[in-house]
Amino acid sequence: MSFLAIDIGNTRLKWALYASPTPGAALLDHGAAFLETIDELAEGAWAKLPHPGSMLGCNVAGDAVRRRVEEQLELWDFTPRWVVPGAQEGGVVNGYDHPGRLGADRWTSLIGAHWHMRSRGSHRPVLVVMMGTAVTVDALSADGQFLGGIILPGHGIMLRALESGTAGLRVPTGQVREFPTNTSDALTSGGTFAITGAIERMHRHLRTRTGKTPIVLVTGGAGWKVAPDLDVDHELVESLIFDGLLAMQSHRLAL
Ligand SMILES: Nc1ncnc2c1ncn2[C@@H]1O[C@H](COP(=O)(O)OP(=O)(O)OP(=O)(O)O)[C@@H](O)[C@H]1O
Ligand SMILES: CC(C)(CO)[C@@H](O)C(=O)NCCC(=O)O
Ligand SMILES: [K+]
């Protein structure tokens, strides 16, 4: 029975169809659409898909976007289901002051990260880095405690904020340099170091808290751009949110 996983971010919707709702299941098809174009999914990319057996999504773009996606999902006859962050799920305990206020994408990626660690038999803490419109850096202990994490603007938002807040910072994209000597390089390097510096700092916090060197898992559309400048060992796991959705769906079916 195939399984449709949907990740609605602030810029794009990403979807993936798996052969079954089991972590590690074969990927049958996948795609992405900017939120401006999601009203065409049923007549476009989804029109040719075989009928999914079930669906689970995570959404941080608000109720209006969720309803637009549900209209597209009327193409099929299952009931759409969406991740609601709670106190615990998939072996992860939610340390947020108000667990329901944690972003569904952060919760899902933490559950995905915990599944990766379990399936590898790893007993190290994990730093989960998501690079989308915003960047999040979340700390997960080896036994599945979400300890907390940070939210910062993505590279694009940082540069747009500088462009709109100043008179003299409207320049083309530059290169990342240790000591930038022109405006383009200074802005590009500044955004990159703000993100990598924040990750390196959270890495230090997590190592101090747990006494173990964390594994760093990086996901999100912009991950590959920032990863080369990151001074801590890390892995790119593009499917982390989908892995979390698969893990959640398989746990739910087992209950
Ligand atoms: N040179 C760069 N270095 C790092 N990040 C960049 C760079 N240029 C753009 N970005 C970031 O990449 C993001 C775009 O990535 P993408 O649209 O794939 O994200 P996404 O994962 O779909 O986002 P969301 O899940 O929030 O919708 C931009 O929001 C911006 O923050
Ligand atoms: C931080 C973002 C925008 C990252 O996509 C999302 O997870 C979100 O809207 N979170 C809600 C607030 C929170 O996580 O504390
Ligand atoms: K996202």
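**Close-up 1. Aspartate 105 sits in helix H2 of this predicted model.** With 27 C-beta neighbours inside 10 Å, aspartate 105 counts as buried, because 20 or more is what that label takes. Skip residues up to four places away in sequence, and what does aspartate 105 touch? Its partners are Asp7, Gly9, Cys58, Val60, Met130 and Ile241. UniProt, in an unreviewed entry, puts the feature "active site" at Asp105.

**Close-up 2. Ligand 2 has a shell of residues that includes Asp105.** Also around ligand 2 are Gly9, Asn10, Val60, Arg101, Leu102, Gly103, Arg106, Gly132, Ala134, Thr136 and Ile151. Helix H2 (104–120) and strand E8 (134–140) are the elements that give two or more residues to this shell. Sorted by class, the shell around ligand 2 holds four nonpolar, five polar and three charged residues. Both domains chip in here: domain 1 (3–82) and domain 2 (88–244) each provide at least three residues to the shell around ligand 2.

**Close-up 3. Arginine 106 is another helix H2 residue.** Is arginine 106 buried or exposed? It counts as buried, with 24 C-beta neighbours inside 10 Å. Not counting residues up to four places away in sequence, arginine 106 touches Met130, Thr136, Asp138 and Gly149. Arg106 also belongs to the shell around ligand 2, and so does Thr136.

**Close-up 4. One "binding site" set in the unreviewed UniProt entry takes in Tyr96, Gly103, Ala104, Asp105, Arg106 and Thr183.** Don't expect a single pocket view to frame the whole set: these residues span 88 residues in sequence and the farthest two C-alpha atoms are 39.2 Å apart, so they do not all gather at one spot. Threonine 183, from this set, lies in helix H4 (residues 183–210). Threonine 183 is partly exposed, with 14 other C-beta atoms within 10 Å. Leaving aside neighbours within four places in sequence, threonine 183 is in contact with Leu169 and Val171.

**Close-up 5. A further "binding site" listing from UniProt (unreviewed entry) covers Asp7, Ile8, Gly9, Asn10, Thr11, Arg12, Leu13, Lys14 and Thr133.** These residues are spread over 127 residues of sequence, yet they cluster in space, with a largest C-alpha distance of 13.3 Å. Threonine 11 is in the loop between strand E1 (3–8) and strand E2 (12–18). It counts as partly exposed, with 16 C-beta neighbours inside 10 Å. Beyond its neighbours within four places in sequence, threonine 11 is in contact with Phe34, Leu35, Gly132 and Thr133. Arginine 12 is in strand E2. With 18 C-beta neighbours inside 10 Å, arginine 12 is partly exposed too. Again leaving aside neighbours within four places in sequence, the contacts of arginine 12 are Ala32, Ala33, Phe34 and Leu35.

**Close-up 6. Ligand 1 has 15 residues around it.** Which residues come closest to ligand 1? They are Gly9, Gly132, Gly154, Gly221 and Ala222. The elements with two or more residues in this shell are helix H3 (155–165) and helix H5 (223–226). By class, the shell around ligand 1 divides into two nonpolar, eleven polar and two charged residues. Domain 1 (3–82) and domain 2 (88–244) both contribute to the shell, so ligand 1 lies between them.

**Close-up 7. The chain is divided into domain 1 (3–82) and domain 2 (88–244), seen here where they meet.** Taken over C-alpha atoms, the centres of domain 1 and domain 2 are 24 Å apart. Ten residues of domain 1 are in contact with eleven residues of domain 2. On the domain 1 side of that meeting, E1 and strand E4 (54–59) each supply at least two residues. That side divides into five nonpolar, four polar and one charged.

**Close-up 8. The largest nonpolar core has 56 residues.** Ala5, Leu127, Val128, Val129 and Leu217 have the most contacts inside it. Domain 1 and domain 2 both give residues to this core, so it lies between them. In soluble globular proteins, nonpolar side chains tend to be buried together. For a look at one of the well-connected residues, take leucine 127. Leaving aside neighbours within four places in sequence, leucine 127 is in contact with Val137, Ala139, Met202, His203, Leu206, Pro214 and Val216.

Technical notes
Residues are numbered from 1 along each chain as its sequence is written. Chains are lettered from A and ligands numbered from 1 in the order in which they are written. This is a predicted model: local features need pLDDT of at least 70, side-chain atom pairs count only at pLDDT 80 or more; totals for chains, interfaces and linings use all residues. A residue is near a molecule or strand if its C-beta atom, placed from the backbone, lies within 6 Å of it. Helices (H or I, at least four residues) and strands (E, at least two) are DSSP runs, numbered from the N terminus. Ala, Val, Leu, Ile, Met, Phe, Trp, Tyr, Cys and Pro count as nonpolar, Asp, Glu, Lys and Arg as charged, and the others, Gly among them, as polar. Domain bounds come from an automatic or database domain assignment. UniProt positions are given in the numbering used here, feature names are shortened, and annotations may be inferred rather than shown by experiment. A residue is buried if 20 or more other C-beta atoms lie within 10 Å of its own, exposed if 12 or fewer, and partly exposed in between; C-beta atoms are placed from the backbone. Two residues are in contact if their C-beta atoms, placed from the backbone, lie within 7 Å. A nonpolar core is a set of buried Ala, Val, Leu, Ile, Met, Phe, Trp, Tyr and Cys residues joined through C-beta atoms within 7 Å.
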